[in-house]
Structure formats: C-alpha cells, structure tokens
Amino acid sequence: NENPVSGFNKKTVLLDYWKQPGDEAFAPGVDSETRGIFAQRSTLQLFDGSYMRLKNVTLGYTLTGNKANTDVFKQVRVYVTGTNLLTFASDDFRGQDIEISANGQNNLVQGESFFAMPQAKMLQFGLQTKF
C-alpha cells in the first residue's frame with residue numbers, strides 16, 4: 001500500500017481528511033482515488049489574495065556646482081534604490097510571494113503559489129557624476 005504522506009513535505013492540515021460520508025475536511029480520504037494527486041482546484045484552497053507592496057523606492061541627493069566641493073565634477077549624485085522592500089498580505093496567504101504564480105503568467109493558473117519562487121528583495125547603492 002502506498003504511503004499517503006510520502007513525497008514532498010506536507011502541512012499538518014492534511015491530517016484533516018475525509019473519513020466518512022458527510023465529513024467536512026480539508027483533504028480527500030486516504031482511500032480516495034485523488035489522494036495522490038491532491039491538487040484539485042476547489043474553493044477550499046482559496047485564500048485572501050489582498051496585499052500591499054512597497055515595490056520600488058529611490059532616495060537620492062544631488063550636489064551641483066560649488067556644493068560638489070570639487071574642481072573635477074560639475075555634479076555628484078548619491079542614491080539608494082530598494083525593490084520589494086515590504087509586503088503586507090493577509091495572514092491567510094500561505095505562499096512565498098503573493099504576486100508570483102507557480103506557472104508564470106498563464107491565465108489558467110494565475111494565483112497558484114505551489115513551489116513559486118519569490119521575487120528578490122534588493123538594495124542598490126549608486127554614485128553618479130558629471131564632469
């Protein structure tokens with residue numbers, strides 16, 4: 001008999017499975033034909049997809065003319081840019097990144113977060129000069 005919990009790591013919510021007719025459970029019963037491919041789309045696996053994200057922010061300061069305090073540069077700009085710095089999502093959401101779908105931008109599976117890699121958080125520092 002095939003072990004119903006083999007394969008990938010599972011969440012403990014899968015222990016809440018259908019045992020007898022009329023049960024309301026998260027997962028199909030262990031003797032169900034669909035237990036090995038429990039990826040059936042249903043409203044039971046829907047989660048709140050509301051979110052707010054600080055996607056891109058740039059802070060910079062430009063020194064020009066005499067303020068640049070040098071005879072070599074006409075202008076000096078120092079900046080820092082942040083990408084994907086903060087994300088506020090519902091506690092109900094269980095995925096890695098609420099903006100990323102498991103299969104790219106395929107409209108048939110948009111919003112599925114199974115094994116979807118999150119977007120990178122980045123900080124970029126820069127110095128821009130004009131002679």
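**Entry 1: Met52 and the nonpolar patch**

I looked up Met52 first and found this residue exposed, at a relative accessible area of 54%. I note that the model is a predicted one. Met52 counts as exposed because its 54% lies over the 50% cut-off. I then located Met52 in strand E1.

I next asked which residues make the nonpolar surface patch. I recorded Met52, Leu54, Leu86 and Phe88, which together form a patch of about 400 Å². I also checked which strands supply the patch. Strand E1, residues 51–64, contributes at least two of its residues, and strand E2, residues 75–89, likewise contributes at least two.

**Entry 2: Overall make-up**

I turned to the secondary structure and counted 3 strands and 0 helices in the protein. Read from the N terminus, the order of elements is β-β-β. I then looked up how much of the protein is buried. Of its 131 residues, 15% are buried.

**Entry 3: Asp97**

I asked whether Asp97 is buried or exposed. I found Asp97 buried, with a relative accessible area of 3%. The label applies because 3% is under the 20% limit for buried residues. I placed Asp97 in the loop between E2 and strand E3, the latter covering residues 122–130.

I then searched for the contacts of the Asp97 side chain. With the side chain of Arg53 it makes a polar contact of 3.2 Å. The Asp97 side chain also reaches the backbone nitrogen of Gln119, at 2.8 Å.

**Entry 4: Gly95**

I moved to Gly95, which is also placed in the loop between E2 and E3. Its relative accessibility is 22%, and I entered Gly95 as partly exposed. The reason is that 22% falls between the 20% and 50% cut-offs.

I asked how far apart Gly95 and Phe47 are in sequence and in space. In sequence I found 48 residues of separation, and from C-alpha to C-alpha a distance of 9.9 Å.

**Entry 5: Aromatic rings**

I asked how many aromatic pairs a search of the whole structure finds. The search returned 0 aromatic pairs. I therefore had no pair to describe, such a description being given by the distance of the centres and the angle of the planes.

I did record a charge over a ring at Tyr17. Lys19 lies over the face of Tyr17, and its distance from the ring centre is 4.5 Å.

Key
Residues numbered from 1 in each chain as written. Predicted model: local features only at pLDDT ≥ 70, side-chain atom pairs only at ≥ 80, totals over all residues. Heavy atoms only, no water. Patch = residues over 30% accessible without salt bridge, like charges linked within 9 Å, V, L, I, M, F, W, Y side chains within 5 Å. Areas by Shrake-Rupley, 256 points an atom, 1.4 Å probe, with all protein chains shown as cover. Salt bridge = Lys/Arg side-chain N within 4 Å of Asp/Glu carboxyl O. Helix = DSSP H or I, 4+ residues; strand = E, 2+ residues; numbered from the N terminus. Buried < 20%, exposed > 50% of the residue type's maximum accessible area, 1.4 Å probe, protein only. Phe/Tyr/Trp six-rings, centres within 6.5 Å; stacked < 30°, edge-to-face > 60°. Lys NZ or Arg CZ within 6 Å of the ring centre and 35° of its normal. Polar contact = N/O pair within 3.5 Å; in protein donor to acceptor, adjacent residues only side chain to side chain.
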